[in-house]
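Subject: Structure handover

Hello,

Here is the structure for you to look over. My notes follow below it.

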Amino acid sequence: MAGWGRMVGFERDMRRDLMDKVRINSETILYPMPCSIVGTLVEKKPNYLAVAWFSMVNFKPLWIAIALNKVHYSNGGIKESGAFSVNIPSADMVVVTDYCGIVSGRKYDKSKEFETFYGESGDAPMIKECPYNIECRLINVVDLPSNELFIGEVLTVYSDERYLTEGVPDMKKVNPLVLSMPERSYLTLGGRVAAAWETGGRLVRK
Ligand SMILES: Cc1cc2nc3c(=O)[nH]c(=O)nc-3n(C[C@H](O)[C@H](O)[C@H](O)COP(=O)(O)O)c2cc1C
């Protein structure tokens, strides 16, 4: 009996450990997320929208993807022009970034807020004020239930000299915006923690 009692007690403890976890809203599971402003030509005029759902998806050639809800004005423009840009705003551009994410180009000319420039393709409007800009050629559109996944090949990445250290973007200088969807808040990055692709090496045993 004593053994049985101990066993039941053990199982109860296990259950209690699992119950220390609570279920959270799965709509906002991936966070924090970097923020960008995506540019495209819609009816030959530049339009910009805030995009946090973007990622590198292929290494060689270098492809990135942005996931846009089908309702947006920008989607038609990307398909029509075959090009888009991903512009990385710094924290001091938070107001204009949010603005690009709450109003539609159907009603507002968001391009008035920026100085637009074009790169080698001539079809992807980019934002001069952003620390760096990724110019993409549309490769494919994946039709998802509520979104369209636009896959683009990176043609060129542009930056201003003042955001670079030894030729690469320096995040202390760029000071990018990070979105926490569950908190409905913009954050900035904390400091450097360790060297990537290096620090785990101390756990590799020969
Ligand atoms: C910070 C932020 C991030 C956003 N990220 C995305 C996103 O990744 N995908 C998306 O479809 N909409 C996203 N949105 C919403 C669009 O930017 C917004 O609906 C915009 O007004 C659409 O513009 P358009 O109609 O001119 O294309 C985001 C909004 C904000 C504020």
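Which residue in β3 is the bridge partner of Leu41? It is Pro46. More on that strand pair below.

Two points on reading the notes. This is a predicted model, where local features need pLDDT of at least 70, side-chain atom pairs count only at pLDDT 80 or more, and totals for chains, interfaces and linings use all residues. Residues are numbered from 1 along each chain as its sequence is written.

Confidence
The average pLDDT of the chain is 91 (pLDDT is the predictor's confidence in each residue, from 0 to 100). A score of at least 70 is reached by 89% of the residues. Over residues 1-8 pLDDT stays under 50. The model has zero contacts beyond four places in sequence for that stretch (contact: C-beta atoms, placed from the backbone, within 7 Å). Where pLDDT is low, the predicted coordinates should not be read in detail.

Fold
The chain has four helices and 14 strands (DSSP runs numbered from the N terminus; helices are H or I with at least four residues, strands are E with at least two). Of its 206 residues, 25% are buried (20 or more other C-beta atoms within 10 Å of the residue's own; exposed means 12 or fewer, partly exposed in between; C-beta atoms placed from the backbone). Take the contacts between residues at least 6 apart in sequence: 64% join residues at least 24 apart.

Seven strands make an open sheet, with antiparallel pairing (strands pair if DSSP finds at least two bridges between them). The order is β3-β2-β6-β9-β10-β5-β4. β3 and β4 (54-58) stand at the edges with a single partner strand each, so one side of each has no neighbour in the sheet. From one strand to the next, the twist averages 35°. β2 (residues 36-42) pairs with β3 over seven bridges, in the antiparallel sense.

Two helices lie across strands of this sheet. Helix α2 (residues 74-81) lies across β2, β3, β5, β6 (83-88), β9 (132-143) and β10 (147-159). Its angle to β2 is about 60° (axes are lines fitted to C-alpha atoms, for helices over the stretch in contact; angles run from 0 to 180 degrees between N-to-C directions). Helix α3 lies across β2 and β3, at about 100° to β3.

Ligand
The ligand is surrounded by 21 residues (C-beta atom, placed from the backbone, within 6 Å of it). The closest are Trp53, Ser74, Gly101, Ser104 and Gly105. β3 (45-51), β5 (63-69) and α3 (94-102) are the elements that give two or more residues to this shell. β3 gives the most, with four. By type, the shell has twelve nonpolar, seven polar and two charged residues (nonpolar: Ala, Val, Leu, Ile, Met, Phe, Trp, Tyr, Cys and Pro; charged: Asp, Glu, Lys and Arg; polar: the others, Gly among them).

Two loop residues
Ala52 sits in the loop between β3 and β4. It counts as buried because it has 20 C-beta neighbours inside 10 Å. Beyond four places in sequence, Ala52 is in contact with Met33, Pro34, Cys35 and Leu179. Ala52 and Ser36 are 16 residues apart in sequence, yet 6.1 Å apart C-alpha to C-alpha.

Glu120 is in the loop between β7 (116-117) and β8 (126-127). It counts as exposed, with 10 C-beta neighbours inside 10 Å. Its contacts beyond four places in sequence are Leu155 and Thr156. The C-alpha atoms of Glu120 and Glu135 are separated by 8.6 Å, and the two are 15 residues apart along the chain.

Best wishes
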